[in-house]
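Work through the exercises below with the model open beside you. Try each task before you read its solution.

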Amino acid sequence: MSADSTHIHDILGVGIGPFGLGLAALSEPLDDVDAIFLDQRPEFRWHPGMMIEGSTIQVPFLADLVTMADPTSPYSFLNFLKERKRLYPFYIRESFYPLRAEFDEYCRWVAAQLDTLRWNRRVVSVTRDDGVYTALAEVVDDSGSILTTETYRARHLILGVGTQPVLPPVLQGLGGGAGDSPAAGPDGAAGLPAAGPLIHTADYLENRDALLDSGAITIIGSGQSAAEIYRDLVDDAEDRGVRLDWVTRSPRFFPMEYTKLTLEMTSPEYTDHFRALPDELRERVGREQRTLYKGISADLVDDIHDTLYRLSRGGRQLLTNLVSEAELETAEIDPISGEYLLGFRNTALDKTFTRRSGSVVAATGYKSQVPDFLSPLGDDIRLDSRGRLDVSRHYTINDEGTIHVLNGEEHTHGVTAPDLGFGPWRASVVLAAVTGREPYPIERTIAFQTFGVPADESDAVPDAAFALDDSKEMSHA
């Protein structure tokens, strides 16, 4: 379908991850919203490199694309199960947590029903004139080759580009990977053993066999992805005599904190509090909160220990090593063996050690970036002192409140940014700004606890104080 370059949409979304897809699904039934969403990929895919068999998402099924905004939506996960004739099996399963592969299937089921999505569109620039955004998009084939260009126009721009995988600086540019040519020796001769894969967790599954073929694997980092990969590899690694190291700079392999009062931090009240903190304090608090959403599910922690106990029966000495309090400081490739030489420092004892490894998996997270296609907008985009998007309380990055951000605001809004269950709440705020009404009622107070300094009884802040005007940002601090 070709684009009509003269038509002005209400919403132009760039990036169709779960949050962009959720906004598209919530926009679809609204008669007063004309929306279009673009993505450079050929279809919806959600973390395809981590679709490990049997893995589950870490939030309950209610945290789907739409339910927390509209429980009656036809695009709910429960409706997906009903249409797939799996609702009763899911009920009997008695687990709140959907399989990751089934959640991905659900998202693709939603995407297939929406005619507002345009795939294979790579946005290269966005300009603004007379209150209208104009996006130039390259139409690409599945290999990325440019076929033609299209122009899209809208009054509101939605950034749903999400976050990108991050490698530690010491690992960047090392090369090595499945299919690479053999490493050259000191005299330039080829034919020596090649370094195995050096990958981010995002690329795990396609490199799994090559990791095991490398003879020794080092997983660097902690969190759910690292734990899932470790659990997926450890049986095969022990069977094949492959050393498997899991190294983290954290003081322990910590579980995700998942108590109910802690979960209240994924609330509008806590976001108000976090958003109002001074910049330096917000940075520190954000770092300290990583255990809230970057830990490991308690069941998986126990399963890993049970697996190691089972593998070690009969006094068997395991090849695997779990090392905490170890920060990666140096990395290079041995020119003779092609192995990775990884230099670590024990942060508690301030002592260094080196490990050799045939391959490396970096479980080092993701971060948001300022998309290059925003460059033509210049100073219209608010940036903070670190060059990051300066996202307002109501998820906008320009003074007019017409450029909205989905999951690019962890540094300004805290733990709600990547939370799947909070996505529909944020989408409700965005749609309220676009329409000037609340198509989906916004629940403004959901927590039993008070964050920050409680107001004096005579100065209690009424519920109506939450305004959809970025010039009236609310503070509970």
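The model is predicted. Its chain holds twelve helices and 17 strands.

**Exercise 1.** Decide what the radius of gyration says about the overall form of the chain.

*Solution.* Start from the chain length, 477 residues. A compact globule with that many residues would have a radius of gyration near 23 Å. The chain has 24 Å, which agrees with the globule value. For the extent in space, take the principal axes: the C-alpha trace spans about 65 × 60 × 50 Å along them.

**Exercise 2.** What share of the residues is buried, and what supplies the exposed area?

*Solution.* Buried means under 20% relative accessible area. By this cut-off, 49% of the 477 residues are buried. The chain exposes about 22900 Å². Carbon and sulfur atoms supply 50% of that area.

**Exercise 3.** Find which residues of the largest nonpolar core touch the most other members, and which elements build this core.

*Solution.* The core has 44 residues, and those touching the most other members are Leu21, Tyr106, Val110 and Leu117. Two or more residues each come from α1 (18-27), β2 (35-38), α2 (77-83), α4 (100-113) and α12 (423-435). Now take Tyr106 and set aside its neighbours within four places in sequence. Its contacts are then Asp64, Leu65, Val66, Tyr75, Ser76, Phe77 and Phe80. A second, separate core has 26 residues, among them Tyr204, Ile219, Leu308 and Ala363. In soluble globular proteins, nonpolar side chains tend to be buried together.

**Exercise 4.** How far apart are the mean positions of the positive and negative charges?

*Solution.* Count 44 positive and 74 negative charges. Their mean positions are 4 Å apart.

Terms used: Residues are numbered from 1 along each chain as its sequence is written. This is a predicted model: local features need pLDDT of at least 70, side-chain atom pairs count only at pLDDT 80 or more; totals for chains, interfaces and linings use all residues. Side-chain values use heavy atoms; hydrogens and water are left out. Helices (H or I, at least four residues) and strands (E, at least two) are DSSP runs, numbered from the N terminus. The radius of gyration is taken over C-alpha atoms; the globule rule is 2.2 Å times the number of residues to the power 0.38. Buried means under 20% relative accessible area, exposed over 50%, partly exposed in between (1.4 Å probe, protein chains only). Accessible areas come from the Shrake-Rupley method with a 1.4 Å probe; for residues, only the protein chains shown count as cover. Lys and Arg count as positive and Asp and Glu as negative; His and the chain ends are not counted. The place of a charge is taken as NZ of Lys, CZ of Arg, CG of Asp or CD of Glu. A nonpolar core is a set of buried Ala, Val, Leu, Ile, Met, Phe, Trp, Tyr and Cys residues joined through side-chain atoms within 4.5 Å. Contact means heavy atoms within 4.5 Å.
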